[in-house]
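User: I am new to this structure. Please take me through its core and its empty spaces.

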Amino acid sequence: MDLIMGMNSGSSFDGIDVILAETEMDSDGFPKAPRFIRGGSYEWPEEVKRIVLDAFGNKVDMIGLNRLNYIAGAVFAEKAVQFMKENGIDSREVKVLGLDTQTIYQEQPDHRAIEEMTEDQKADWPGRWLSGKYPAGYQVGDTSVIANLTNIDTVTHFRQADHAFGGSAAPLMQYLDFILFRKEEHPTMTLNIGGIANLHLACKDRRQMFGFDTGPGNAVSDYFVRKLFNREYDKDGKIAAMGKVNEAMLDYFMHHPFFDRPVPRSGWRMDYSPEYLDATIDRFKDVPYEDMLATACAFTGAAVAKSMTDNIPKELIEETKILYASGGGVKNPQIMKEIQDRIPGNIRLTTSKEVGIPPEFKEAIKFATIAYSTINRVPGNIPAAGHASQYAILGKIALAPRNIAGGAEFVSVHK
């Protein structure tokens, strides 16, 4: 068995998760389901956090973004090394480290426009992006900085390879779900509830798989808690539980233009920006704050249900018995209740803990698994879900100093 490490800092930007797991290649040419060993969570340094938040708001110039790429790489490396020290892990024992680094910006693919492009138009490679039809994204955290400071072979930036073939590359969770559930006879649904929520249908036949964002995970409720109650989060959903869902406000939320995007679609934190949410609060200023928070939780549940029934064939929904949820949102009972109450009644909502995947660490496990696939030359995208035109090996690889021929002699040449 090979030891693998994964890291994640998502759209909610609420910390850095690090995990250690183990896996090996299976007889069918894919990795076996990873076995989680341990995980940890770490805070971004405040000084760096301020820069990243400014970058989200397009307030950092090119010079600043260039430096941030190195700074973020150094932070990821620092937290990975801290995790290894705390858990007695020798970097030389770790086969690969996988992380997507920190997404700062992403553009949606125009799937309809791509489908209508001629082969000659697609052959104009620069034109794919000059036209604005193909997806694009920007992540900070230099691969070589991470690999050289941790001394672990590192794979990052998984999305660009899928983008090259017109795939949305967000979410990416469907690949881990395929690895976990590819031997099941019936389809399995999973839901990741981060700042943005994403839904996946896993099948042993990858051609029937789906993966797309559903709308807000905890982005709206977390903002309301901070703005209206001056708290970091609603512990156990207690405040929301005291309120009642305001149907007019929920209807307003459900007409967000996000739902006009065809799947596979991706959401982004700026879909639910402070400006949009402040305007919503002002629009419904007569609604009690507890009711606003209850409605935010209902919005998450209603968005999941609508996205599921609008975009997954009815027969596949009827065959599905379980929806495994993961991400920080599973800690909010009110969000979980709203999801269960609104999805089709034949589906039981539970967490990924039932299959040995701690909900809070599934994203990091995903990146570790994709990285392991990458170094074994296994494609990590699911074209049926992301609408890429072909399979691709995801990620950018940087080799660690431990690979230098001659070893210590060259590592210590500066002496």
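User: Leaving aside its neighbours within four places in sequence, which residues is Met189 in contact with?

Analyst: The model is predicted. Contact here takes heavy atoms within 4.5 Å. Neighbours within four places in sequence are left aside. What remains is Leu199, His200, Leu201, Met308, Ile312, Ile317, Thr320, Ile322, Leu323, Tyr324 and Ile347.

User: Which residues touch the most other members in the largest nonpolar core?

Analyst: This core has 87 residues. Met308, Ile312 and Leu323, among the contacts of Met189, are on the list. In full, those that touch the most other members are Met189, Phe224, Phe299, Met308, Ile312, Leu323 and Ile339.

User: Which helix gives the largest share of this core?

Analyst: The largest share is eleven residues. They come from the helix of residues 289-311. That is H13.

User: How many residues are in the other core, which lies apart from it?

Analyst: Among the members of this other core are Phe76, Met84, Leu97 and Leu99. The core lies apart from the one with 87 residues. Its own count is 30 residues.

User: How much space lies in the largest cavity?

Analyst: The structure holds two cavities of 30 Å³ or more. The lining of the largest includes Asp162, Tyr175 and Asn381. Helices H8 (173-181) and H17 (383-386) each give two or more residues to this lining. The space in the largest cavity is about 60 Å³.

User: What classes of residue make up the lining of the second largest cavity?

Analyst: About 50 Å³ of space lies in this cavity. Its lining is Gln106, Glu107, Gln108, Pro109, Ala136, His163, Ser168, Ala170 and Ser266. By class, these residues divide into three nonpolar, five polar and one charged.

User: Which element gives the largest share of the lining of the second largest pocket?

Analyst: This pocket holds about 260 Å³ of space. Helix H1 (46-56), helix H2 (62-86) and strand E5 (102-107) each give two or more residues to its lining. The largest share is three residues. It comes from E5.

User: Which residues lie nearest the centre of the second largest pocket?

Analyst: In all, 16 residues line this pocket. By class, the lining has ten nonpolar, three polar and three charged residues. One lining residue, Gln106, also lines the second largest cavity. Nearest the centre of the pocket lie Phe56, Ile104, Tyr105, Gln106 and Trp268.

Definitions and conventions. Residues are numbered from 1 along each chain as its sequence is written. This is a predicted model: local features need pLDDT of at least 70, side-chain atom pairs count only at pLDDT 80 or more; totals for chains, interfaces and linings use all residues. Side-chain values use heavy atoms; hydrogens and water are left out. On a 1 Å grid over the protein atoms alone, a cavity is a set of points where a 1.4 Å probe fits but cannot get out, and a pocket is an open set with protein on both sides within 12 Å along at least five of seven lines; lining residues have an atom within 4 Å of a point. Grid points are joined across faces, edges and corners, and a volume is the space filled by probe spheres set on the points. Helices (H or I, at least four residues) and strands (E, at least two) are DSSP runs, numbered from the N terminus. Ala, Val, Leu, Ile, Met, Phe, Trp, Tyr, Cys and Pro count as nonpolar, Asp, Glu, Lys and Arg as charged, and the others, Gly among them, as polar. A nonpolar core is a set of buried Ala, Val, Leu, Ile, Met, Phe, Trp, Tyr and Cys residues joined through side-chain atoms within 4.5 Å. Buried means under 20% relative accessible area, exposed over 50%, partly exposed in between (1.4 Å probe, protein chains only).
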